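Reader: I'm new to this and would love a close look at the salt bridges. Please take me through them slowly, partner by partner.

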Amino acid sequence: MCASAGDSETTVAKPSASGLPLENRRSFLGALLGVGSVFVSALLSVPLIRFALFPLLRRTTELKSSSVGELREFSSLTAPAMRTIRIEQVDGWRRAISEKAVYVTKDSQGQLRVLTSVCPHLGCTVPWNMERNQFVCPCHGATFALDGTRVSGPSLRGMDTLETSVQDGQLQVRFQYFRQLVSDKEVIG
Ligand code: FES
């Protein structure tokens with residue numbers, strides 16, 4: 001029996017030039033566009049995320065060398081010479097500049113050495129005592145010889161030496177922090 005003109009009509013998707021139904025083709029293109037957008041967004045966000053997180057992920061910078069003074073200033077030392085050095089440290093977004101006291105002195109062979117003034121016992125600043133010809137810590141009485149070696153008191157080791165170099169006639173020192181209350185020198189920062 002043939003359908004009459006009054007019967008309900010069934011909608012049939014028209015095939016496109018590519019052979020796919022038009023609606024299917026539209027949804028495929030939409031999905032492709034969505035995936036492409038996500039990919040491009042992810043690609044663009046990588047540098048931004050790296051930029052934002054870089055200071056957090058980066059290690060605290062090592063402390064740079066600081067000038068202690070002209071080398072010739074220390075050619076005829078008879079007692080430790082105290083100098084204040086400026087040190088810069090960048091930690092994440094924070095940039096800190098601080099000052100530290102160091103001593104330029106000589107070892108038993110007459111070679112220059114630079115000592116940190118931080119007591120290896122509990123971190124007090126150790127002054128040079130001219131009358132006693134020793135470093136004497138005011139906190140718990142540790143004493144150290146002219147070259148920083150331990151003489152007496154609660155400290156388990158001598159005063160810590162710092163790395164030095166000479167550039168353009170300037171004595172340079174790299175300040176570092178060392179673990180306290182231990183007998184061996186151990187860098188902690
Ligand atoms: S901090 Fe120097 S002896 Fe204790």
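Author: R179 has a relative accessibility of 36%, so it counts as partly exposed (that's the class between buried, under 20% relative accessible area, and exposed, over 50%, using a 1.4 Å probe and protein chains only). The model you're looking at is predicted, so local features need pLDDT of at least 70 and side-chain atom pairs pLDDT 80 or more, while totals for chains, interfaces and linings use all residues. Residues are numbered from 1 along each chain as its sequence is written, and side-chain values use heavy atoms, with hydrogens and water left out.

Back to R179: its salt-bridge partner is E186, and their closest N and O atoms sit 3.1 Å apart. To earn that name, a side-chain nitrogen of Lys or Arg has to be within 4 Å of a carboxyl oxygen of Asp or Glu. Side chains of opposite charge can pair like this when their charged atoms come close. E186 is partly exposed too, at 37% relative accessibility.

Now hop over to E88, which bridges to R95, again with 3.1 Å between the closest N and O atoms. Here the two ends fall into separate classes: E88 is partly exposed, with a relative accessible area of 30%, whereas R95 reaches 56% and counts as exposed.

You'll meet a similar story at E70 and R72, whose side chains join in a salt bridge at 3.3 Å, N to O. E70 has a relative accessible area of 30%, making it partly exposed, and R72, at 65%, is exposed.

The pairs we've visited are among the six salt bridges that the structure holds.
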